[in-house]
Amino acid sequence: MAISFDVVPEVEKFLQEPRKMLIGGEWLEAESGETFDTLDPANGQVIAQVPDAGPQDVDKAVEVARKVADEGVWSGMPTARRAEILWKIGDLVEEHKLELSQLETLDQGKPGYMSMAEMDVVIHTFHYFAGWVDKYYGETNPSDGKLFTYTLREPVGVTAGIIPWNYPLIMAARKVTGALAFGNPMILKPAEQTPLTALRLGELALEAGLPPGVLQVVTGRGETTGAALVAHQGVDKIAFTGSTEVGKTIMRESAGNLKRLSLELGGKSPNIVFADADLKRAGSFSMYGVFLNSGQTCTAATRLLVESSIHDEFVDSVVKSASKMTLGPGLAPDTRMGPVVSQEQLDRVMGYIEAGKSEGASLVTGGERADGDLA
C-alpha cells in the first residue's frame, strides 16, 4: 500500500489490519478464503483486500438475520433505546468524520471536500431516522358497529441493501437507517469497488451498542454475493440502488418468494437553458451538474438542452467553467475533480467520447485521459 498524501493514523491502522466482513457480530473471512482487491482510483494501487463472500456466507448472514427478526432482538427492544443507538451511530460518524471522509476518498476517488460534506449527510440521516423509531403508527378504520377494524405496522423482516460505488457511505446510511428505524435487521452489501466505509460503519454500529446481527456487512461481487442475496428465500426485502439492467434482473429473481423491492435505478437527467438565463451562472451550474463527483451521480445533468439562439455563447461559458476545474487525487487539497472509480468506468467514459466524435459531434475541450497517475 502506498498513499501519496497524509492520512490520519486511524486510516493507516484500518488499512494495515486484515479486512473481514461482519456476520452475527463477528469479523469473518469468506468460507472459501477468497478475497478481492480494493484500489485507490488515483493511482490504481491496492489499498486493502476484503472477503469475497459466496452463497455459504450469505446463508450464514441470512440465518443470523432471521433469528434476530423472529426473536425480536431488535424490534422488541424499547423504542427509546433503539432511537438512542441510532442517534449514537450518527454521533460516532461525526466523531470519526475526518477518518471516514479520507477512507471514502481513498476508496472512491472523490475530492476530500466532497467526502467531508457527505459525512454531514450521513450524520443527519442517522439522527433523522432516530426520530422516526417511535412514530410508525397504525390506523383505526370506520366499520360496522359490531366490529373494530385497525391496521398495525410491523417490521418486514430480513432486509438486504445493495448499494453503488458513487456515494458509498451516504447510500449505506440511507439503506441501513430506514430498515433499522422500523425494526428490521439489515444485511448490507457494498459495491465491490468501495467496501471500506461500509465495513467501518459496521464497527461503529457495534460500538454504539447495536445488538449483533442487526446490521451485517457482507462484501463481494454483484454477480455472486448480490445475486445470492436476491435469490435467497430467507430475505424478505431488497433495497437496491444501481443500473436499470441490474434492477430488472433483481425484479425477476425476487419473484421466488415475492420479495418486496425498492429499486432506485439509472436515469438521464436533462438540464434546460433558455435565452433569458444568466448565462455565466447557468454555465457554471451546468458544468457542476455534469462533472460533480466526476460525473458519477445518478442525477447528473448529462443532457444539456439549450435554446438555439444562445448555443455558441453558452458552450463558451461552460468551457470556461470547465477549464478552471482542477483535476487531481482526491486527497490533494486543491483537487476539485478526482478520478473515476475504476478502469471499467474510465473505458466507458472514453468510449462515449469516441462514439460522439464518430457520430459527428465536435469536441470543444478535453477528451483525453490525464497523463500518468493522479497520485
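Axes here are lines fitted to C-alpha atoms, for helices over the stretch in contact, and angles between N-to-C directions run from 0 to 180 degrees. With that in hand, here are five close-ups of this predicted model.

**Figure 1. Helices α2 and α8 pack against each other at an angle of about 40°.** Helix α2 covers residues 55-71 and helix α8 covers residues 222-231, and their axes lie 9 Å apart. The angle makes α2 oblique to α8. The two helices cross in the right-handed sense. On the α2 side, look for Pro55, Val58 and Val62; their partners on α8 are Thr225, Ala228 and Leu229. Sorted by class, the contact holds five nonpolar residues, one polar residue and no charged ones.

**Figure 2. Helices α3 and α5 pack at an angle of about 170°.** Here the axes of α3 (residues 79-95) and α5 (residues 112-130) are 8 Å apart. Angles over 145 degrees count as roughly antiparallel, and α3 and α5 are therefore roughly antiparallel to each other. Helix α3 brings Ala83, Leu86, Trp87, Ile89, Gly90, Asp91, Val93 and Glu94 to the contact, while α5 offers Met119, Val122, Ile123, Phe126, His127, Phe129 and Ala130. The tally by class is 11 nonpolar, two polar and two charged residues.

**Figure 3. Strand β7 pairs with strand β8 in the parallel sense.** Four bridges join β7 to β8, the latter spanning residues 186-189. If you would like a landmark, find Thr159, which stands opposite Met186 in β8. In a regular strand, side chains alternate between the two faces of the sheet. Along β7 (residues 159-162), Thr159 and Gly161 point one way, whereas Ala160 and Ile162 point the other way; all are buried.

**Figure 4. Arg200 sits in helix α7.** The helix runs over residues 196-207. Is Arg200 buried or exposed? Its relative accessibility is 10%, and because buried means under 20%, Arg200 counts as buried. Leaving aside residues up to four places away in sequence, Arg200 touches Phe14, His96, Glu99, Leu100 and Leu103.

**Figure 5. Lys146 lies in the loop between β5 and β6.** The flanking strands are β5 (139-141) and β6 (149-151). With a relative accessible area of 79%, Lys146 is exposed. How far apart in space are Lys146 and Ala130? They are 39 Å apart, C-alpha to C-alpha, with a separation of 16 residues in sequence. You have already met Ala130 in Figure 2, as one of the α5 residues in the contact with α3.

How values were computed:
Residues numbered from 1 in each chain as written. Predicted model: local features only at pLDDT ≥ 70, side-chain atom pairs only at ≥ 80, totals over all residues. Heavy atoms only, no water. Parallel < 35°, antiparallel > 145°, perpendicular 65-115°, else oblique. Left-handed = near helix turned anticlockwise from the far one by under 90°. Contact = heavy atoms within 4.5 Å. Nonpolar A, V, L, I, M, F, W, Y, C, P; charged D, E, K, R; others polar. Buried < 20%, exposed > 50% of the residue type's maximum accessible area, 1.4 Å probe, protein only. Pairing = 2+ DSSP bridges.
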